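Trainee: I am new to this structure. Please take me through one part of it closely, then show me how that part sits in the rest of the chain.

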Amino acid sequence: MDVSLTLWAVTIAGLCVLIAVDFLIGRKPHDVSVKEAGIWTVVWIALAGLFGLSLLLYGGGQPAGEFFAGFITEKSLSVDNLFVFVLIMGKFAVPSQYQQRVLLVGVLIALLLRAVFIAAGAAIIASFAWVFYIFGAFLIYTAWKLIKEARADEGADEDAAFEENKLLKIAERRLGVADRYHGTKLFIQENGKRIMTPMLVVMLAIGTTDVLFALDSIPAIFGLTQDPYIVFTANAFALMGLRQLYFLIGGLLKKLVHLSYGLSVILGFIGVKLVLHALHESGVHVPEIGIPFSLGFIVLVLAITTVTSLRASKKALVDA
């Protein structure tokens with residue numbers, strides 16, 4: 001797509017307005033009900049759908065297909081991220097009424113950091129076509145690693161524990177952290193010293209942890225489209241509805257026992273697609289996988305994964 005600076009500015013401004021509205025709606029700390037989460041999840045998905053339709057009208061079927069394939073892939077990978085978010089919330093003992101504020105700011109941090117990743121990825125791809133080989137190989141390796149981790153988790157009896165990254169630990173040592181939550185405050189004065197509250201720490205944990213997941217998701221979406229505009233907007237819409245999705249399917253997460261297998265198949269598929277594309281760019285006559293097939297394949301894998309997961313969970317419940 002030929003995207004002008006004006007369209008970029010309008011898009012970013014529109015996303016900022018949506019974020020502001022989301023912030024105003026959730027500005028008062030409260031426990032999010034399933035009904036509230038469900039309504040806003042539908043709203044965010046509808047907004048993504050409308051944006052995809054606008055791409056169809058503005059740029060044709062190719063950009064729209066790339067957006068929907070990218071959005072569904074990023075959304076699916078984001079659902080897998082929710083498992084870690086649950087662990088983070090538990091580790092920091094975040095009161096239920098503050099969890100939505102943590103997720104809102106944490107996801108915003110993640111979106112800003114991902115924008116940097118996307119810009120860097122687009123610049124590298126524009127200059128070095130061979131990077132597709134690296135992206136493809138990395139995704140195939142990640143797919144294999146996901147399967148290994150899923151098998152290991154099946155035999156684990158204890159819940160996994162979240163471990164803070166080194167940068168976060170350094171910040172806690174240097175700045176200090178209060179021993180309890182102080183509402184939604186990020187900093188407080190204690191003994192004449194300005195220190196962080198657990199609220200800020202958990203926000204940073206959510207945001208920076210998501211960046212680690214971006215190491216998988218950014219190469220994955222570049223395997224579906226090389227258009228930075230579509231990559232950015234697909235990531236934005238996938239992330240911005242994540243807060244509501246957390247509260248909507250929080251109890252369902254443990255039932256999606258085959259999700260990692262489904263994601264590994266998708267990542268492996270996109271990895272192969274990237275390698276084929278790299279070979280094609282190098283002048284080798286190989287078949288390329290089109291967006292309509294990619295979109296259909298991703299949706300089919302997710303549908304099968306969801307059905308088999310729910311059946312397996314139901315069977316395990318009956319056997320217990």
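**The hairpin and its surroundings**

Mentor: Start with the hairpin. Strands S1 and S2 form it, with 2 residues between them, and Asn191 in the turn has a positive phi of about 55°. Keep in mind that this is a predicted model.

Look at the strands themselves. S1 covers residues 187-190 and S2 covers residues 193-196. They pair in the antiparallel sense, over 4 bridges. Two facing positions help you find your way. Ile188 stands opposite Ile195 in S2. Gln189 stands opposite Arg194 in S2. In a regular strand, side chains alternate between the two faces of the sheet.

Now the turn. Asn191 sits in the loop between S1 and S2. Its phi is positive, although Asn191 is not a glycine. Is Asn191 buried or exposed? Asn191 counts as exposed, because its relative accessibility is 80% and the exposed class begins over 50%.

Asn191 can be set beside Ala93. Ala93 is also a residue other than glycine with a positive phi, near 50°. Ala93 lies in a loop too, but one between helix H3 (61-91) and helix H4 (99-127). With a relative accessible area of 54%, Ala93 is exposed.

Step back to the whole chain. How many helices and strands does the protein chain have? It has 11 helices and 2 strands. Along the sequence the pattern reads α-α-α-α-α-α-β-β-α-α-α-α-α. The radius of gyration is 20 Å, close to the 20 Å that the globule rule gives for 320 residues, so the chain is as compact as a globular protein of that length. Along the principal axes, the C-alpha atoms fill a box of roughly 70 × 55 × 40 Å.

Next, follow the chain past S2. Helix H7 takes in residues 198-222, and Leu200 lies in it. Leu200 counts as buried, because its relative accessibility is 13% and buried means under 20%. What does Leu200 touch, leaving out residues up to four places away in sequence? It touches Leu186 and Phe187. Phe187 ties this back to the hairpin, as S1 spans 187-190. Not everything is close at hand. Leu200 and Gly38 are 162 residues apart in sequence, and their C-alpha atoms are 27 Å apart in space.

Three further helix residues widen the view. Take Asp22 first. Asp22 is in helix H1, residues 5-25. Asp22 is buried, with a relative accessible area of 5%. Beyond its sequence neighbours up to four places away, Asp22 touches Trp44, Leu104, Met240, Arg243 and Gln244.

Thr41 comes next. Helix H2, residues 34-59, holds Thr41. Thr41 is buried as well, at a relative accessible area of 7%. Outside the residues up to four places away in sequence, Thr41 touches Gln244, Leu245 and Leu248. So Gln244 appears in the contacts of Asp22 and in those of Thr41.

Then Leu274. It belongs to helix H10, residues 259-281. Leu274 is buried, with a relative accessible area of 1%. Apart from neighbours within four places in sequence, Leu274 is in contact with Phe132, Phe135, Gly136, Leu139, Pro219, Phe222 and Gly223. Two of these, Pro219 and Phe222, fall within helix H7, residues 198-222. Helix H7 is also where Leu200 lies. One distance gives a sense of span. Leu274 and Ile39 are 235 residues apart along the chain, with their C-alpha atoms separated by 37 Å.

These contacts fit a wider count. Consider contacts in the protein chain with a separation of 6 or more. Residues 24 or more positions apart account for 80% of them.

Finish with burial, surface and charge. Buried residues make up 45% of the 320 residues. The chain exposes about 16300 Å², and carbon and sulfur atoms supply 67% of that area. There are 25 positive and 24 negative side chains. The centres of the two sets lie 7 Å apart.

To recap the close look: S1 and S2 pair in the antiparallel sense, exposed Asn191 sits in the loop between them, and buried Leu200 touches Phe187.

Technical notes. Residues numbered from 1 in each chain as written. Heavy atoms only, no water. Rg over C-alpha atoms; globule rule 2.2 N^0.38 Å. Buried < 20%, exposed > 50% of the residue type's maximum accessible area, 1.4 Å probe, protein only. Contact = heavy atoms within 4.5 Å. Areas by Shrake-Rupley, 256 points an atom, 1.4 Å probe, with all protein chains shown as cover. Lys, Arg positive; Asp, Glu negative; His and termini not counted. Charge placed at Lys NZ, Arg CZ, Asp CG, Glu CD. Pairing = 2+ DSSP bridges.
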